[in-house]
Amino acid sequence: MSVPYPPPPSYPALSYELFPPRSTSAEVGLWKTIRALEDTRPDFVSVTYGASGSNRDTAVGLLERLLDETTLKPLAHLTCVGNSLAYLSELVDELISRGVRGILALRGDQPQDRSLPEGDLQFASELVELIRRVERSRTAHLCAGKVAVGVAAYTTRHPESPSFEHDIEVLLAKQAAGADFAITQVFFAPTHYSRLLRTARRAGVDIPIIPGVIPFTSVRRLERLSELAGIDIDTQLRERLMNAGNDAQRRRIGIQATVDLAHAALDDGAPGIHIYTFNEHAAALDVLDRLDLSRPPAPGLSQSA
Ligand code: FAD
């Protein structure tokens, strides 16, 4: 008798990206954001990691506070560029010891002056393998829940990659190394996500690929992001934002464009939505409000109604 394939979840996954605060005042603001986002009961929140490792303590401190003081489940970003195997193994071990059960394995980037030392690992897929090795050494401690390992995916060619097809091969290699899921780099066109999903599935990638979206509320941020991530900005959107009569109108246009993008990705089969918050909750909540995602009932309330 064949076992019936499990039905898809009745609601999409919801998650947010946060970055470790750079000052005491930024920390106060971040905690307001965290509390506001916590009310929406996301499935996880991700915490970025500076590729130079300079924010290691702030990142680990934030992960610890999220675990100790909130109901949120943190996903720790980790980069391997410029780091030794010993350093990374010890950090993965520390994250597991502190209760982290999700790690996003990334390569990171050399700064422009290429000042980071030559690391032991060249690609993110090798970091995935390393995390799995450390995890295996801790199996007895992880009987109540192993580590979910995520990776980055790109809807358009990664700036260093020869082609989009090469990126799909890289994603397949990350899956083979043990990745459980992927989150995409920001993107502007709905067709880019659907093309990634279609091409990846055809190539044998079957892990969930969660689209990462940003609230399109600031032209400057869009420009900076497209520069950093090496993606072409949506010029029509930029024009509409620039031509808006006032800030409120600009915000409405930007939020609606983000919601349209997220809806299109969900219609294409996205398993959830990951919102890059830039540590600000207002725009993320506006997006969520208009997205009108179905969410699971709050724990403890489902039986009593
Ligand atoms: P890789 O998968 O290693 O790919 C890097 C390049 O190498 C690509 O061009 C790829 O095509 C090529 N490549 C990979 N494997 C092979 C192979 N076997 N043979 C030949 N070529 C190969 N950066 C941070 O510093 N901190 C963060 O917290 C952070 N968070 C991120 C979160 C998300 C969701 C995303 C999408 C990106 C994030 N980044 C972060 C940025 C990321 O580090 C950069 O995009 C980086 O340039 C590539 O990282 P990667 O993990 O995709 O690397």
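This section describes the ligand site, helix 3, and two buried residues, N83 and V151, in a predicted model.

The ligand is surrounded by 25 residues, of which Y49, D109, Y154, H158 and K174 are the closest. Polar contacts to the ligand involve both backbone and side-chain atoms of the protein. A nitrogen atom of the ligand lies 2.6 Å from a backbone N or O atom of Y49, while an oxygen atom of the ligand is found 2.8 Å from an N or O atom in the side chain of H77. In addition, a polar backbone atom of G108 lies 3.0 Å from an oxygen atom of the ligand. Taken alone, the ligand would expose 970 Å², and 83% of that area is buried by the protein. Two or more residues are given to the surrounding shell by each of strand 3 (74-79), strand 4 (102-106), helix 5 (164-177) and strand 6 (181-184), with helix 5 providing the largest share, four residues. By residue class, the shell comprises 11 nonpolar, nine polar and five charged residues.

Strand 3 and strand 4, which both contribute to the ligand shell, also pack against helix 3. Helix 3 comprises the 13 residues 85-97, for which a span of 18 Å is expected at 1.5 Å a residue; because its end C-alpha atoms are 18 Å apart, the model agrees with that expectation. The buried residues of helix 3 are L88, L91, V92, E94, L95 and I96, and these pack against helix 2 (56-69) and helix 4 (124-137) as well as against the two strands. In an α-helix, residues three or four places apart point the same way, because there are 3.6 residues a turn. Helix 3 is followed by G99, which has a positive phi near 105°.

The loop between strand 3 and helix 3 contains N83, which counts as buried because its relative accessibility, 11%, falls under the 20% cut-off. Beyond its neighbours within four places in sequence, N83 is in contact with L88, G119, D120 and L121; of these, L88 is itself one of the buried residues of helix 3.

V151, located in strand 5 (residues 148-153), counts as buried because its relative accessibility is 0%. When residues up to four places away in sequence are not counted, V151 touches L104, A105, V128, L171, K174, A179, F181, A182 and I183. Among these partners, K174 is also one of the residues closest to the ligand. V151 and L127, separated by 24 residues in sequence, are 9.8 Å apart in space, C-alpha to C-alpha.

Conventions: Residues numbered from 1 in each chain as written. Predicted model: local features only at pLDDT ≥ 70, side-chain atom pairs only at ≥ 80, totals over all residues. Heavy atoms only, no water. Near = heavy atom within 4 Å. Polar contact = N/O pair within 3.5 Å; in protein donor to acceptor, adjacent residues only side chain to side chain. Areas by Shrake-Rupley, 256 points an atom, 1.4 Å probe, with all protein chains shown as cover. Nonpolar A, V, L, I, M, F, W, Y, C, P; charged D, E, K, R; others polar. Expected span 1.5 Å × (residues − 1). Buried < 20%, exposed > 50% of the residue type's maximum accessible area, 1.4 Å probe, protein only. Contact = heavy atoms within 4.5 Å.
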